[in-house]
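User: Hello! I am new to this structure and would like to walk through it step by step. Could you take my questions one at a time?

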Amino acid sequence: MKKIFIYPPNSLILTDLVERFGHKPLNLNIVMGKLVRNPEIDSPPMNITDEEPKKGLKYAAVEVPSGVRGRMALIGPLIEEAEAAIIMEDAPIAFGCIGCQRTNELTLYLVRRKNIPILRVKYPTNEEEAEILVNKIANFLKSLEENQEN
């Protein structure tokens, strides 16, 4: 089982596919879920501690907008943990937008720089393309298992 970073990092569709093929999805929803359920956090609706903004500085300079640093405080550790990545290109906003193009650019840059296996796929526009997408993801995840055995 490999840890797969998903982009957009809050895509439930990609999360589900990765889980179905026996791997661990690394996505924003899992991180946010832990923060929301953490009884130590006493500042709803922000659900952050004093440490989150500091974590973001590891990935983005102090001059970068605070929203980027805040998002990177959550996304950056997922990228560090990743053993592979699936990147969905040209997805509509409702598919998994994280709301900030600068965060998107930084996220993709850090994934590329990590030098892990990456599958880049286009968002499907019809049923045939969706079937092709699922097959590409299945083959990619299967190839990771085969490489692990060798």
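Analyst: Happily! Contact here means heavy atoms within 4.5 Å. Keep in mind that this is a predicted model. Among contacts in the protein chain between residues at least 6 apart in sequence, those joining residues at least 24 apart make up 65%.

User: Thanks! In what order do the elements of the protein chain run from the N terminus on?

Analyst: Let's begin with the inventory: the protein chain has seven helices and four strands. It has 150 residues, and 41% of them count as buried. Read from the N terminus on, the order of the elements is β-α-β-α-α-α-β-α-α-β-α.

User: How are the four strands ordered in the sheet?

Analyst: Start from the edges: β2 (24–26) and β4 (118–122) each pair on one side only. From one strand to the next, the twist averages 25°. The sheet is open and its pairing is parallel, with the strands in the order β2-β1-β3-β4.

User: Which residue of β2 is the bridge partner of I4?

Analyst: Strand β1 covers residues 3–7, and three bridges join it to β2. These two strands run parallel. Within that pairing, the partner of I4 in β2 is P25.

User: And at the other edge, which residue of β4 stands opposite M88?

Analyst: Here we look at strand β3 (residues 84–89), which pairs with β4 in the parallel sense over five bridges. β4 has an uncovered face with I118, R120 and K122, while its covered face holds L119 and V121. In a regular strand the side chains alternate between the two faces of the sheet. The residue of β4 opposite M88 is V121.

User: Let's turn to the helices. At what angle does α4 run to β1?

Analyst: Helix α4 spans residues 66–81. It lies across two strands, β1 and β2. Its angle to β1 is about 140°.

User: How are α2 and α4 oriented to each other, roughly parallel or oblique?

Analyst: Two packed helices are described by the angle between their axes and the distance between the axes. Helix α2 (residues 28–37) packs with α4 at an angle of about 125°, and their axes are 10 Å apart. The crossing of α2 and α4 is right-handed. The angle lies outside the ranges for roughly parallel, antiparallel or perpendicular, and α2 and α4 are therefore oblique.

User: How many nonpolar residues does the contact of α2 with α4 have?

Analyst: On the α2 side, the contact uses L28, V31, M32 and L35, and these meet L74, I75 and L78 in α4. By class, the contact of α2 with α4 has no polar and no charged residues, and its count of nonpolar residues is seven.

User: Which residues of α2 are buried?

Analyst: Buried means under 20% relative accessible area. The cover over the buried residues of α2 includes α3 (51–56) and α4. The buried residues of α2 are L28, V31, G33 and L35.

User: How are α4 and α6 placed, roughly parallel or oblique?

Analyst: Helix α6 covers residues 101–114, and its axis comes within 10 Å of that of α4, crossing at roughly 20°. The crossing of α4 past α6 is right-handed. Angles under 35 degrees count as roughly parallel, and α4 and α6 are therefore roughly parallel.

User: How do the residues of that contact of α4 with α6 divide by class?

Analyst: From α4 the contact draws on V68, R71, M72, I75, I79 and E80, and from α6 on R102, T103, L106, T107, L110, V111 and K114. The residues of the contact of α4 with α6 divide into four charged, two polar and seven nonpolar.

User: How far apart in space are L110 and I79, C-alpha to C-alpha?

Analyst: L110 is found in helix α6, and it counts as buried because its relative accessibility is 11%. Leaving aside neighbours within four places in sequence, L110 is in contact with Y59, M72 and I79. L110 and I79 are 31 residues apart in sequence, and their C-alpha to C-alpha distance is 7.2 Å.

User: One last one: is C100 buried or exposed?

Analyst: C100 sits in the loop between α5 (93–96) and α6. Not counting residues up to four places away in sequence, C100 touches V68 and R71. C100 and V68 are 32 residues apart in sequence, yet 7.3 Å apart in space, C-alpha to C-alpha. With a relative accessibility of 14%, C100 counts as buried.

Definitions and conventions. Residues numbered from 1 in each chain as written. Predicted model: local features only at pLDDT ≥ 70, side-chain atom pairs only at ≥ 80, totals over all residues. Heavy atoms only, no water. Axes fitted to C-alpha atoms, helices over the stretch in contact; angles between N-to-C directions. Parallel < 35°, antiparallel > 145°, perpendicular 65-115°, else oblique. Left-handed = near helix turned anticlockwise from the far one by under 90°. Nonpolar A, V, L, I, M, F, W, Y, C, P; charged D, E, K, R; others polar. Pairing = 2+ DSSP bridges. Buried < 20%, exposed > 50% of the residue type's maximum accessible area, 1.4 Å probe, protein only.
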